[in-house]
Structures are given as C-alpha cells and as structure tokens.
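Welcome! Here is a short guided walk through a structure that may be new to you.

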Amino acid sequence: MDLSSFRDNSQNFTLKSVVPEVTLNEPCCVGIDEAGRGPVLGPMVYGICYFPLSKSEEVKNLGVADSKTLTEEQREELFKIIDENKEFIGWATDILSPNYLSNSMLRRTKYSLNEISHDTAIGLINLLLSNGINVHEIYVDTVGVAEKYQDKLQKIFPGIKITVAPKADAKFPVVSAASICAKVARDRILKEWKYPENVEFHNDHGSGYPSDPTTKKWLTDSVDKVFGFPQLVRFSWSTCNNILDNKAVEVHWDDADNDEDSPPPGTASITSFFAPKKDSFVCQRHQFFRDCHLEPVDSF
C-alpha cells in the first residue's frame, strides 16, 4: 500500500489496487467496512475488497479475520497476503480527512457521520462498477439500522444481491479483508502523519479515542489558543469543544445591527494579541502568518 501520493492531509484520497483481470469476467463478491469511525484523531478510512465467488474458499483459508481482533503485526501480515494474491483479489480504500469529517458535520445543512458513511460506501461500489468489476454480491458492515441501510443500497443497486449486517466483519471473509485494508491504511497514515502547521507535536496521543486519558492530555497540550487544533484533530467532536471552551481565547461576535453595543467586561481587544509581552517568553508566530507573508506593523 503506497501512501507516497497522499501528501495533503486536509483532503480526501482514494487508493486502489490493480484490478485483477479475472474479476472483470467472473461474478464477484464484495465486502465493505470502515476503520476509525469513533476516534477524535485522524481520518476515517473505508475499505472495499472483492474477488471471484469461485475463490471464496481459498480466501477463507488465507486466515482473514475482523481487523479489531488482530494485532497491528497480524494485520500487516494479512494485508501483505491479500496484496500478494493480486491475480484474483482487488481492494480500494477511501481516506476521509479529519477536516472533511468535521466541516461536513458542522455545515449549515447537517451531514451526519452515518450519511457520510453511507455515501462513501456507495461511492466505492460505483468505483468498482465503473472499472468493470462483475459485482454479483455485496456484504456491508452496518451503520445505523441494518434493514434500512440494506433497503437503501438495494434501491440504488437493484441488480445486485446485497446483505447488510451488524458485525459483518466477523461473519464474512470478504468483509474481514476489507476491514484489514481499511485498518492498515489508517494505521500507516497515523504513523506517517505530516503536520502542515510546521509545529512539533509529540506522538504519544494514545488510542485516539475521546475516552482515552492520554488522548485527552495530548489534545489539551496541542491546542492553540487562537487557531485551535492541528489538522489531525476532528474538531467537531464534543471532547474538542470542551477543551476549546476551557483553553482557547474567548471570541465575541458583534451583532452587525448592534454596533454601539460594547463587548462584555474583560474582553481583550484584538490588538492585545499582537502586543509584545512583558516577560522574556518568545511566542513563535503561527504558520498561518508565515504562509500569508503577513508581518506586524507599528504604524500605517
């Protein structure tokens, strides 16, 4: 899995294998699963895997299992096996950036994580169909109510047998394989994450889940009082909102119709953030100002 072309962490990215020629002719089964739905850190990755129905027993014998039951080393080894059998197994991953997830969930017209998940799965199915894969059966790990999700997919793809089930990654080898592809991609992205902010952050951020004390500490230590969190963070999560309330500078938005209203007592003026401090601590200028070639001025 070559992630060298995935350079912009703020953008979504689709990575796929070479299409096995046999999958263009023989009827294929397809599995879909995700990795990283719940964490407050890093992308959510959707994986899709496919192979001819005639190879189902052979794939089962490869030992694929639900990625959550495997160690990182076991997942890497199984992905290597999946990738080595490229003559009949194909896969693709859709990497959804933390920025995209948070911006989608906070936009004026609400776009829930469930809707994002559904649309991503639909997009991956369409990717296979556009590449000529002979899709015959699809198995999906459910998001939301399985019956409603299955009915939704069946209406979009009426000529294909579709099964949506909870814990599908533990029931169907093709979904297990998709789960491994998604989890391996997410693990590698987190390991190789390049911070576009050009600020050094320590790598001990725990599991990335909001309930993890190590993750909470990393979030608290990494917040900028003006610009918030680095792009690794899904800032729409409630954990982030609580930290911003406690650690970030309070922002007062003046109502355009009430220009004469004065800000609440104790509200700092915008110019105070650019004034030199009395102590000897030198605050590093944020990357935003360097990127925009902005310099402080004393007079006009």
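The paragraphs below follow one strand, then an open pocket, then an enclosed cavity. Please keep in mind that this is a predicted model.

Let us begin with strand E2, which covers residues 28-35. How many of the residues of strand E2 are buried? Eight of the eight are, so the strand is largely enclosed by the rest of the structure. To picture this, it helps to recall that in a regular strand the side chains alternate between the two faces of the sheet. Here, Cys 28, Val 30, Ile 32 and Glu 34 point one way from E2, while Cys 29, Gly 31, Asp 33 and Ala 35 point the other way. Residues on both sides are buried, with under 20% relative accessible area.

Now look at the strands paired with E2. Strand E3, made of residues 44-52, runs antiparallel to E2 and is joined to it by eight bridges. You can find one point of contact at Ala 35 of E2, whose bridge partner in E3 is Val 45. Strand E5, residues 135-141, is joined to E2 by five bridges, and these two strands run parallel. Here you can start from Cys 29, which has Glu 137 of E5 as its bridge partner.

From E2 we can move on to an open space. The second largest pocket has a volume of about 450 Å³ and a lining of 26 residues. Nearest its centre lie Glu 34, Ala 35, Gly 36, Lys 68 and Tyr 209. Which elements give two or more residues to this lining? They are E2, helix H2 (72-84), helix H6 (168-171) and helix H7 (173-191). Of these, H7 gives the most, with six residues. Sorted by class, the pocket lining holds 14 charged residues, along with six polar and six nonpolar ones.

Our last stop is a space closed off inside the protein. Rolling a probe the size of a water molecule over the atoms shows where empty space is left. Across the whole structure, a search finds one cavity of 30 Å³ or more. The largest cavity has a volume of about 50 Å³. Its lining is formed by Lys 16, Ser 17, Val 19, Tyr 50, Trp 91, Ala 92, Leu 127, Leu 128, Asn 131 and Ile 133. Strand E4 (90-96) and helix H4 (113-130) each supply at least two of the lining residues. By class, seven residues of this cavity lining are nonpolar, two are polar and one is charged.

Conventions
Residues are numbered from 1 along each chain as its sequence is written. This is a predicted model: local features need pLDDT of at least 70, side-chain atom pairs count only at pLDDT 80 or more; totals for chains, interfaces and linings use all residues. Side-chain values use heavy atoms; hydrogens and water are left out. Buried means under 20% relative accessible area, exposed over 50%, partly exposed in between (1.4 Å probe, protein chains only). Helices (H or I, at least four residues) and strands (E, at least two) are DSSP runs, numbered from the N terminus. Two strands pair if DSSP finds at least two bridges between them. On a 1 Å grid over the protein atoms alone, a cavity is a set of points where a 1.4 Å probe fits but cannot get out, and a pocket is an open set with protein on both sides within 12 Å along at least five of seven lines; lining residues have an atom within 4 Å of a point. Grid points are joined across faces, edges and corners, and a volume is the space filled by probe spheres set on the points. Ala, Val, Leu, Ile, Met, Phe, Trp, Tyr, Cys and Pro count as nonpolar, Asp, Glu, Lys and Arg as charged, and the others, Gly among them, as polar.
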